[in-house]
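Good morning. I have one structure to go through today, and I will take it strand by strand before turning to the ligand.

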Amino acid sequence: MEKKKIAVLVILSILFVAVVGVLYFSEKRTVYTTRNVISVTTLPLPVLNGNVSVEQAIENRRSIRQFSNDSITLDNLSQVLWSAQGITDSEKGLRAAPSAGQVYPLEIYVFVGINGVSGFQEGVYHYVPVNNSLEKVMNGDLRGELSGIANNQPWVKQAPVDILITGNYHKMINKYTDKELSTRFVNLEAGHAGENIYLQSEALGLVTVSLGSMNEEQLIQSFKLPENENPIYIFPVGHPT
Ligand SMILES: Cc1cc2nc3c(=O)[nH]c(=O)nc-3n(C[C@H](O)[C@H](O)[C@H](O)COP(=O)(O)O)c2cc1C
């Protein structure tokens, strides 16, 4: 009788662990195939001259982690996004940052805080280089959630906007087959786009900092990143104090 009870208990425990395991992993592996586009905004065109030389921007660029409460303008946001991934040769579809094999595996998202961009609603937006537009993919000011995912780095919720760069390693693997090489190529490209964000911010009198520290899986799930997109870099952007 005693043995029978133990056997039942063991079976029940195994069943419990199996059910919890299935629930845990199915939760973790939710795969989103498309972005849920709520609305689309066409961005102002980029301005192709400025008052700060490339040399001055390189010399003065610093990682700054303190931001004033001032909003940035939609012109400024558009300019920074263009510097990261904007189309610079529309005939050939080439972009501001170089891309191995012209694969363009990067995607850019913007987390806009309440009053983060003057005259523009808070939310999470996806940048569409070819249309120079922003697709709203989530409602609400989600900088706090992003800050938590970025290991509680406080500047993520203090900056009026946060730019997120993701990379689709599969796109690159389709071209180069080798997984390690393709991963390296995508990450290198994110570095190019990131440096452009730094330099363009500097030229506009804005400040930023590149953040590589984050919980990738949590970010994918919380912000429903489409299949095969991996977060790489976060850039809080705003005015200096
Ligand atoms: C790949 C990479 C990841 C980084 N991640 C973080 C980060 O998670 N948090 C942070 O505060 N700074 C981060 N930084 C910024 C560095 O701390 C910063 O570049 C460094 O202190 C040098 O300062 P400078 O950028 O002003 O020249 C990162 C920089 C790079 C290149």
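Start with strand E6, residues 133–139, in what is a predicted model. Six of the seven residues in E6 are buried, so by our cut-off each of those six has under 20% relative accessible area.

What does E6 pair with? Strand E1, residues 39–42, is joined to E6 by four bridges, and the two run antiparallel. If you want to find the register on screen, Val40 stands opposite Glu135, and Thr41 stands opposite Leu134. Strand E5, residues 123–128, is also antiparallel to E6, with six bridges between them. One pair to look for there is Val128 in E5 with Ser133 in E6.

E5 and E6 make a hairpin, and four residues sit between the two strands. Asn132 in this hairpin has a positive phi, near 45 degrees.

Now zoom out to the sheet. In what order do the strands lie? The order is E1-E6-E5-E4-E7-E9-E8, seven strands in an open sheet with antiparallel pairing. The edges are E1 and strand E8, residues 207–208, each of which pairs on one side only. As a general point, strands of a sheet pair through backbone hydrogen bonds.

Next, the core. The largest nonpolar core has 51 residues, and the members that touch the most others are Leu81, Leu134 and Leu219. Strand E4, residues 106–112, contributes the most to this core, with six residues. You have already met Leu134, in E6 opposite Thr41.

Which residues does Leu81 touch? Leaving out residues up to four places away in sequence, Leu81 touches Leu43, Gly86, Ile108, Val110, Tyr127, Leu134 and Ile163. So that you have the background: in soluble globular proteins, nonpolar side chains tend to be buried together.

Last, the ligand. The residues around the ligand include Arg61, Arg62, Ser63 and Arg65, then Gln153 and Trp155, then the run Val209, Ser210, Leu211, Gly212 and Ser213, and also Tyr233.

Three polar distances can be checked here. The side chain of Arg65 has an N or O atom 2.7 Å from an oxygen atom of the ligand. At Gly212, a polar backbone atom is 3.0 Å from a ligand nitrogen atom. At Ser213, a backbone N or O atom lies 3.2 Å from a ligand oxygen atom.

How much of the ligand does the protein bury? The ligand taken alone exposes 620 Å², and the protein buries 55% of that.

That is my last slide.

Terms used
Residues numbered from 1 in each chain as written. Predicted model: local features only at pLDDT ≥ 70, side-chain atom pairs only at ≥ 80, totals over all residues. Heavy atoms only, no water. Core = buried A, V, L, I, M, F, W, Y, C linked by side-chain atoms within 4.5 Å. Buried < 20%, exposed > 50% of the residue type's maximum accessible area, 1.4 Å probe, protein only. Contact = heavy atoms within 4.5 Å. Pairing = 2+ DSSP bridges. Near = heavy atom within 4 Å. Polar contact = N/O pair within 3.5 Å; in protein donor to acceptor, adjacent residues only side chain to side chain. Areas by Shrake-Rupley, 256 points an atom, 1.4 Å probe, with all protein chains shown as cover.
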